[in-house]
Structures are given as structure tokens and as C-alpha cells.
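Visitor: Please take me through the ligand and metal sites of this entry.

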Amino acid sequence: MASRRPFFIDTDTASDDAVALAIAFARDDIDIVGISVVAGNVPLDFALQNALYTREVCGRADVPVYAGADRPLVFPLGTAQHVHGNDGMGDIGLPLTGRTPDDGHGVDALIQASKDFDGALTLVTLGPLTNIALAVGRDPLFASRVQRVVVMGAAADHVGNVNPVAEFNMWVDPHAVQVVLDSGLPLEFVGWDISRRDAVIVPSEAARLRAFGTPLAEFCIDIQRIVAEFCANDTKLAGFDMPDPIAMAYAIDHEVATEVRDLHLEVECSDGPTRGMVVMDLLGFTRRAPNAKVVMHADHDRFIGHLEATIRN
Ligand code: BDR
Ligand code: CA
């Protein structure tokens, strides 16, 4: 077998992050060299417990989980507990206390991983970009050592899920987005437009997936309880969507994307009605060189295949 690809994952672990982690944990061709946790969906301590619990459910105590930033660079933390539940995992009564993260800070671990796997590391970000911006600020060579950064964030159709035009991860810490966009990191965005078009799990599909009957199948579906309500009432989807899992599936398997474009992106950092909007120059008006790849379309069935492969065992 070819050597395993080194991945580092940054996450504000809540219900869809947990499924994304499960997808990565299930792959024997991926070497998850570390997980850093950031405040976002829930406060840092909750997100840490959720990541540690998910690691346990997946039987992967070998993967280190580190605490990262507990707040955005400038703005106060705004969470999404109305989306994912107070505990971030659907408030279904999981025992989400008492686990201890590994020693060290997530930003230090990320920088160290970029040195240990110089030129080979894939970084997958599933939350606000605070930890990544801190790594860029702390180590001027960090960006040059990372092979690939897959970011769950923004929206190529400029339709938001936290205000009319911003996606949550970008909205929480737009100043971090600015640092990351300016860093030279090799960015690949999977936006919320992809999630709400190509990664919606309708109730019949959710029932079919849960009927696999494994503990992991039940875990992955049951923790979406509050998200499903939010999607029905607020984002008006036909089921619950899975932003972080489809980003992870794409990070593992390029073919999940059916169209990718090179675009110039910039972010709105002011605290007004467009806070966190990532403006994608789809028609080339700015005449500025692309600073990111953006997934424009994805393959729902291929994504579901990754989900099934994960929950089967
Ligand atoms: C993103 O925001 C969070 O609520 C999800 O975990 C995902 O990372 C979707 O906008
Ligand atoms: Ca997330």
C-alpha cells in the first residue's frame, strides 16, 4: 500500500464535525497526526469534550487531541448552540464530561506537524480559522510547509447561514480569515452552498443510514437532532446538511468535487450586516490573482458512499 497521507484536523467539534472526524478516523490510508480544537460552534471546553468523546466512540485513542484558541482574534465568541444544541451534540444525553486533552497547545502541535511532514501535510479546517491564523502569525514559514489546506467555509453563491451573506465559520472570526487569505497557504474551500445543495440528508436517507445498526451509525445520525430542527425551520432544507463531512470527504477524495475554480477571495471584517461574508470574484472584476481554489459542485452519491463506508463497521 502507498504510504499513508498525513492529515492534521482543526475543529470546533459539534454534530457535523463529529461525523467528519469519524470519516477520517475510518480511513486506513490517512494518518491523522493531530487534532486541534477551536472555540466556535460551542465554547472551547465543550468542543474539546466532543472531540475526545468522538475519538473514543471511533476507538482512536492513538490520535492526539489538543486545545487551541478559546476565542476569535478580535470579536467576542459567538456560538451556534441554537444550531447544534447546548452541548453541540444534539443534547441527546451523551456523557460529554471528564475527558482530558493531550498536553500542549493546538497551534504548537500544528506548527510542529508542518515541520515533521514538511511539504506533505494536508490541513483540514472544520471551524473558525483562529488557530490557523495564529500559526501563520507565529511562524513565517508555516504556510510554505503545508501541502494543502481544505477549508469548510464561505459560500460561492454568497448565501449565508448566520446572516444573509456569511457562512458561520467565516463569520465567527473574519480577522483570522483575512490572515489566512493573505498567507499564501494553498487553500481549497468547500462552502456552505455545496453543503446545502450536495450534502443534505433527507429523512428517508437518514433512516436508511441509521438502519445500518452499528453504534457509529446511530451516533452519527442521532447527534443531528437539533441541527435537523434548525434546517427545517431556519435554513429551510429538506433534511439536515453535512458541511464538515463533505469537506472531509473531498479532502480524502478529490472526485467528490465535480467542478473546482481558482478565484480571488476577500472577507468583510467590519461588524455590520455583511460581517464574515467572503466575496468571491466569480467574474474577475478585481483583476486580482486567485488566492484559493473553490469547489463549485460536488457529487452527492459519492459523498454518501464515504458516509456509508464510515458507519458500516
Ligand atoms: C459550519 O458551521 C458549523 O456550524 C458547522 O460545524 C460547519 O463547520 C457550517 O457553516
Ligand atoms: Ca465545524
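Visitor: How far is an oxygen atom of ligand 1 from an N or O atom in the side chain of Asp 17?
Guide: This is a predicted model, in which local features need pLDDT of at least 70 and side-chain atom pairs pLDDT 80 or more, while totals for chains, interfaces and linings use all residues. Residues are numbered from 1 along each chain as its sequence is written, chains are lettered from A and ligands numbered from 1 in the order written, and side-chain values use heavy atoms, without hydrogens and water. A polar contact is a pair of N or O atoms within 3.5 Å. For Asp 17 and an oxygen atom of ligand 1, the separation is 2.9 Å.

Visitor: What part of the accessible area of ligand 1 does the protein cover?
Guide: A polar side-chain atom of Asp 16 lies 2.5 Å from a ligand 1 oxygen, and for a side-chain N or O atom of Asp 244 the distance is 2.7 Å. Of the 280 Å² that ligand 1 has on its own (Shrake-Rupley, 1.4 Å probe), the protein covers 96%.

Visitor: Which elements give two or more residues to the shell around ligand 1?
Guide: Residues count as near if a heavy atom lies within 4 Å, and those around ligand 1 include Asn 41, His 84 and Glu 167. With helices taken as DSSP runs (H or I, at least four residues; strands, E, at least two), the elements are H1 (15–25), H7 (168–172) and H13 (243–252).

Visitor: Which spacing do the donors of the calcium ion (ligand 2) follow?
Guide: Donors are N, O and S atoms within 2.8 Å of the metal (3.2 Å for Na, K and Ca); water is not among the atoms, so sites may look incomplete. Asp 12 (OD), Asp 17 (OD, twice), Leu 126 (O) and Asp 244 (OD) coordinate the ion at 2.2 to 2.6 Å. Along the chain, the spacing is D-x4-D-x108-L-x117-D.

Visitor: How many residues apart in sequence are the parts that Asp 12 and Leu 126 tie together?
Guide: Asp 12 lies in the loop between strand S1 (5–11) and H1. Leu 126 is in the loop between strand S4 (121–125) and helix H5 (130–138), so the pair ties together parts whose separation, in residues, is 114.

Key: Polar contact = N/O pair within 3.5 Å; in protein donor to acceptor, adjacent residues only side chain to side chain.
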